[in-house]
Amino acid sequence: VQLQASGGGLVQPGGSLRVSCVVSPSIFDVDAMGWYRQAPGMQRELVAIIDNFGAANYADSVKGRFTISRDSYRDTLYLHMNNLKPEDTAIYYCHTHSHGQNYWGQGTLVTVSS
């Protein structure tokens, strides 16, 4: 299993951004998927997670602003981020597990700044 994240960038406070994570060979090969983030000097934290049935859970800090989704036809996991705040600045990593193994994407940097 390989995960390829993309879509990070610089956005102003209050703006929106979508990050993506392509799963290969197939999203059907993996279990629940999630997005984590790690800010400078901080530990990596869970942002959102979605299971194979589409049920999602979110960290309190992003509830109502972020939406996680998965597209089985495109083998892609998404994180839609609205009303971004400077404290959302971090490297965002996608994660999954399959057959007892953990897999991480390479991370994509999101910077929220004016």
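This briefing covers the salt bridges of the structure and the burial of the residues that form them. The model is predicted. It holds 5 salt bridges, and three of them are described below by pair, distance and burial. Side chains of opposite charge can pair when their charged atoms come close.

**R37 and its partners**
- R37 and E45 form a salt bridge through their side chains, with an N to O distance of 2.7 Å.
- R37 also meets D88 in a salt bridge, at 2.9 Å from N to O.
- The D88 and R37 pair ties together parts that are 51 residues apart in sequence, because D88 lies in the loop between β8 (76-81) and β9 (90-98) while R37 sits in strand β4 (residues 33-38).

**Burial around R37**
- R37 has a relative accessibility of 6% and counts as buried, because the cut-off for buried is under 20% relative accessible area.
- D88 is buried as well, with a relative accessible area of 1%.
- E45 is partly exposed, at a relative accessible area of 36%.

**The D71 and R74 pair**
- The side chains of D71 and R74 are joined by a salt bridge with an N to O distance of 2.8 Å.
- D71 has a relative accessible area of 16%, so this residue falls under the 20% limit and is buried.
- R74 is exposed, with 56% relative accessibility.

**Network**
- R37, E45, R65 and D88 are joined into one network by salt bridges that share partners.
- R37 is one such shared partner, as it pairs with E45 and with D88.

Technical notes. Residues numbered from 1 in each chain as written. Predicted model: local features only at pLDDT ≥ 70, side-chain atom pairs only at ≥ 80, totals over all residues. Heavy atoms only, no water. Salt bridge = Lys/Arg side-chain N within 4 Å of Asp/Glu carboxyl O. Buried < 20%, exposed > 50% of the residue type's maximum accessible area, 1.4 Å probe, protein only. Helix = DSSP H or I, 4+ residues; strand = E, 2+ residues; numbered from the N terminus.
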